[in-house]
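User: Please take a close look at the nonpolar interior of this model, and set it beside what can be said of the nonpolar surface and of the cysteines.

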Amino acid sequence: MGIRGGAGAALEGVRASVAALDALTLEDQKLDDAAMAAAGAGVDVLQRRYELRLERLEVAARLEAQLAAVKARDAAEAVEFQQAMTPPDASVEDRTYADMSVVEEIAGVLTISSAAAGALVEQSRRICSLPLLFEALSAGGMSWQHARIVADETEGVTTEGALALVAHFFDPDAPQPARGAAPGELVPSRFRAKVRSWRERHRPDSIEKRHAKGVADRRMEYTPDKEGMAWVSLYLPGDTACAIWNRTTATARGFQGPDEPRTLTQLRPDIAASLLLGAGQATGERSTGTTAGTSTPAGGTAIGKVPAPRADVLVTVPVFALLGATDEPAMLDGFGPIPASMARNLVADGAESFYRVLIDPRDGAPLEIGRKNYRLTEAIKRWIRMRDTKCTFPGCANRTPDNETDHLTAWQHGGTTGTSNLAQLCPKHHRLKHHSQWTPDPATKNEPPGWTSPTGRHYNPEHPDPEPTHWPPESWPQGSQWPQWLQRAAPALCQCLEASLDNLPQWEPDDDRYVDLNDLPADDPLWAEFLATPFALFPEAIGARP
């Protein structure tokens, strides 16, 4: 049967991984015996032992995933066999207790709680029902945590939708397959973000409904903690929470300096407390003998008057969603998918700290970035932020407001100031790049760089997964009915919008402002002209939509 075949494949993988571990361990033991001879022959024994440890960690991680696949299959089959043993005429109550019994048996065998066993059974059954997902886990290509993310994100999704999601990430022959790093090459949090983005994009109706429910559930919570501390948390719409985080981060960076002892992590809550309690209130480490709410930092400086810097946030909006023709989700930099209605409101309300990014309806690639000034460096930085979305170092999830735009090849070594030689790096990995042998690949206009480690392991880049935008219904206005502002600002875009999905024109606008960023020198005056056309969204562009 198919079920047992899957278990057999997982066990074959386990045996192969154990054999690989044995071989690596044997090689390590031989290095003990031959250490002196190897040293005389010029072999770096310590380097080889270091590499062996990394190789064994890699094989051990693969083995853990394969064993997780065996455990998942056994848990799922145990439930199926128990259900098969239940008489066909058994009552609903009897069937319920039979299912509870097998969950309790699994909990006892694994020495875990009933709740944990129940979750394991549900996740295992969902994973085993998606063949491509189970095959990837059995091969050790990703961890149990990765598989569990897919199980979580497909909960409540139709069978067809779950199969389509799995095919997108695990079938290279699927329509519009995922690009860049494979699922198992992404840290779990980044993989969840990509899976969730795909799910929201392909369920645009659900994100609007769930967002409305979430807004109704917004709240503020207070939780006392140990050592005289407490937690205060806010449950808010994503754009509001993102703006709060970015503003406190930008303000904190403004306070940092040689005379400021507090870290960025300490400054953020101090600033947030000052903004909530009044800009004149000082906050920070409590000093003895002070009254609650009026303490001043011990060994630091009071916040005092809090400046209000503008923290720029990119909002990537499908053009049809911006115009109100579809409800396809937009992407908020540093957050993820947001409802189209939220994106339209951000743009229509003229939020100064948000920059809208229009994308090509044919393939989801960015067309251009809204501008607020003519500074070339800021324009390039925003493009790199849009392309990379986070620090490009493998596994790093540091978002764009904290990052630096770095030359992949240093200027003094012939590097240029173009998009193919620039990438986002957080301060930590920026320093590591310049003080180690971690080496970035060249980037492209739409793809961030991959990286090669000091031991030669290559890590593919993680980058956005654009797809053709959702097309509006045939009844939507076309041709001469396009808004006049759109016809004036982007005639080539109107031409593209007027075509059908099967007969889209090449994106070659007859306008010198629209050029490949890699072909435009940093000092070319066309940069100012390229970004000179302001974007204005008039009420008629979005009609009566929210």
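**The nonpolar core around F170**

Analyst: In this predicted model, F170 makes contacts with L132, L133, A136, M142, V150, P183 and F191, once its neighbours within four places in sequence are left aside. F170 also belongs to the largest nonpolar core, a set of 47 residues in which I127, L133, L137, V150, F170 and F191 touch the most other members. Several helices contribute two or more residues to this core, namely helix 1 (2–33), helix 3 (45–85), helix 4 (92–110), helix 5 (114–128), helix 6 (131–138), helix 7 (144–153), helix 8 (159–170) and helix 9 (188–201). Of these, helix 3 provides the largest share, with 12 residues. Such a grouping can be read against a general background: in soluble globular proteins, nonpolar side chains tend to be buried together. Another core, of 10 residues, lies apart from the one just described, and L322, A330, M342 and L346 are among its members.

Helix 9 also holds a charged residue, R190. R190 counts as buried because its relative accessibility is 8%, below the cut-off of 20%. Leaving out residues up to four places away in sequence, R190 touches T389, K390, A397, R399 and E462.

On the surface, M220, Y222, V232, L234, L236, I244, L276 and L277 make a nonpolar patch of about 840 Å². The elements giving two or more residues to the patch are strand 1 (219–224), strand 2 (230–235) and helix 12 (264–277). L234, one of the patch residues, has its place in strand 2. With a relative accessible area of 47%, L234 is classed as partly exposed, because this value falls between the limits of 20% and 50%.

As for the cysteines, the count of disulfides in the model comes to zero. C128 is buried, with a relative accessible area of 14%. C426 is likewise in no disulfide, and the nearest cysteine sulfur, that of C391, is 3.8 Å away; a disulfide is assigned here to sulfur atoms within 2.5 Å, so the pair does not qualify. C426 is itself buried, at a relative accessible area of 3%.

Methods. Residues are numbered from 1 along each chain as its sequence is written. This is a predicted model: local features need pLDDT of at least 70, side-chain atom pairs count only at pLDDT 80 or more; totals for chains, interfaces and linings use all residues. Side-chain values use heavy atoms; hydrogens and water are left out. A nonpolar core is a set of buried Ala, Val, Leu, Ile, Met, Phe, Trp, Tyr and Cys residues joined through side-chain atoms within 4.5 Å. Buried means under 20% relative accessible area, exposed over 50%, partly exposed in between (1.4 Å probe, protein chains only). Helices (H or I, at least four residues) and strands (E, at least two) are DSSP runs, numbered from the N terminus. Contact means heavy atoms within 4.5 Å. Patches are made of residues with over 30% relative accessible area and no salt bridge: like charges are joined within 9 Å, nonpolar side chains (Val, Leu, Ile, Met, Phe, Trp, Tyr) within 5 Å. Accessible areas come from the Shrake-Rupley method with a 1.4 Å probe; for residues, only the protein chains shown count as cover. A salt bridge is a side-chain nitrogen of Lys or Arg within 4 Å of a carboxyl oxygen of Asp or Glu.
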